[in-house]
Amino acid sequence: MTHAYRQGVIGIGAAALRAMRTALLEDLGEDAGATRLQEMGYAAGEEVFRAFAEWLPTFAAVPHPGDLDADALTEVLSTFLQELGWGTVVTERVGDRAFALSSENWAEADTDAPSDGPSCFFSTGFLASFLTTLAEGSPLAVMEMECRGQGDDRCRFLAGSPETLSAVYDAISEGQDYAVVVGA
């Protein structure tokens, strides 16, 4: 797949991404490794978004991502991310303050090296940057709620404002249902 819209976007294998994650977590420790992976993912998001913006008119005849109808978001994002090798996604509203992206075949999830918690750290940074750019600069944060790497059936990423996701994190840390925070 050599398309002009892919300028600046390179492909690496999913196994290489997982090996990078493993090495950083081993070398830097869980917290610092996860932070570095999120930073790397965030750096990738805007560039991948530019490729998305160039690709979108060829797929959906939509001249600008801001013109994309919300009902078409799942099909368009899923097709684009699958073409890049990330996997298929389904999007859905979660209450009135968040939305989720779910994937049963997300590339970063390592089902061969089970983890104790969500471990798609690169993806959370990547999706936060990509979605913030899609939202035309309105800051969005992303938190992985389910992960195939920890034995879940899918990877599920919750996206919302940084304040909302901070409240979600606090609720989960206190053993509460985050659905109340997002208005579900």
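This briefing describes the overall fold of one protein chain, its helix α2 and two loop residues with positive phi. The model is a predicted one. The secondary structure of the protein chain consists of 6 helices and 4 strands, arranged from the N terminus in the order α-α-α-β-β-α-β-β-α-α. With a radius of gyration of 16 Å, close to the 16 Å that the globule rule gives for 184 residues, the chain is as compact as a globular protein of that length.

**Overall dimensions and packing**

- The C-alpha trace of the protein chain extends over about 45 × 40 × 25 Å along its principal axes.
- Buried residues make up 45% of the 184 residues of the protein chain.
- When contacts between residues at least 6 apart in sequence are considered, 54% of them join residues at least 24 apart.

**Surface and charge**

- The protein chain has an accessible surface of about 9,300 Å², and carbon and sulfur atoms account for 51% of that surface.
- The chain carries 10 positive and 29 negative charges, and the mean positions of these two sets are 2 Å apart.

**Helix α2**

- Helix α2 covers residues 30–60 and bends by about 35° at Glu-54.
- A proline, Pro-57, follows the bend at Glu-54 within four residues.
- The buried residues of α2 are Gly-33, Ala-34, Leu-37, Gly-41, Gly-45, Val-48, Phe-49, Ala-51, Phe-52, Trp-55 and Leu-56.
- An α-helix has 3.6 residues a turn, so residues three or four places apart point the same way.
- The cover over the buried residues of α2 includes three other helices, namely α1 (14–28), α3 (73–84) and α4 (121–134).

**Residues with positive phi**

- Ala-61 comes just after α2 and lies in the loop between α2 and α3.
- The phi of Ala-61 is near 55°, which is a positive value in a residue other than glycine.
- Ala-61 has a relative accessible area of 64%, over the 50% cut-off, and is therefore classed as exposed.
- Glu-136 is likewise not a glycine, and its phi is positive at about 55°.
- The position of Glu-136 is in the loop between α4 and β3 (141–146).
- Glu-136 also counts as exposed, because its relative accessible area is 57%.

Conventions. Residues are numbered from 1 along each chain as its sequence is written. This is a predicted model: local features need pLDDT of at least 70, side-chain atom pairs count only at pLDDT 80 or more; totals for chains, interfaces and linings use all residues. Side-chain values use heavy atoms; hydrogens and water are left out. The bend at a residue is the angle between axes fitted to the seven residues ending there and the seven starting there. Helices (H or I, at least four residues) and strands (E, at least two) are DSSP runs, numbered from the N terminus. Buried means under 20% relative accessible area, exposed over 50%, partly exposed in between (1.4 Å probe, protein chains only). Contact means heavy atoms within 4.5 Å. The radius of gyration is taken over C-alpha atoms; the globule rule is 2.2 Å times the number of residues to the power 0.38. Accessible areas come from the Shrake-Rupley method with a 1.4 Å probe; for residues, only the protein chains shown count as cover. Lys and Arg count as positive and Asp and Glu as negative; His and the chain ends are not counted. The place of a charge is taken as NZ of Lys, CZ of Arg, CG of Asp or CD of Glu.
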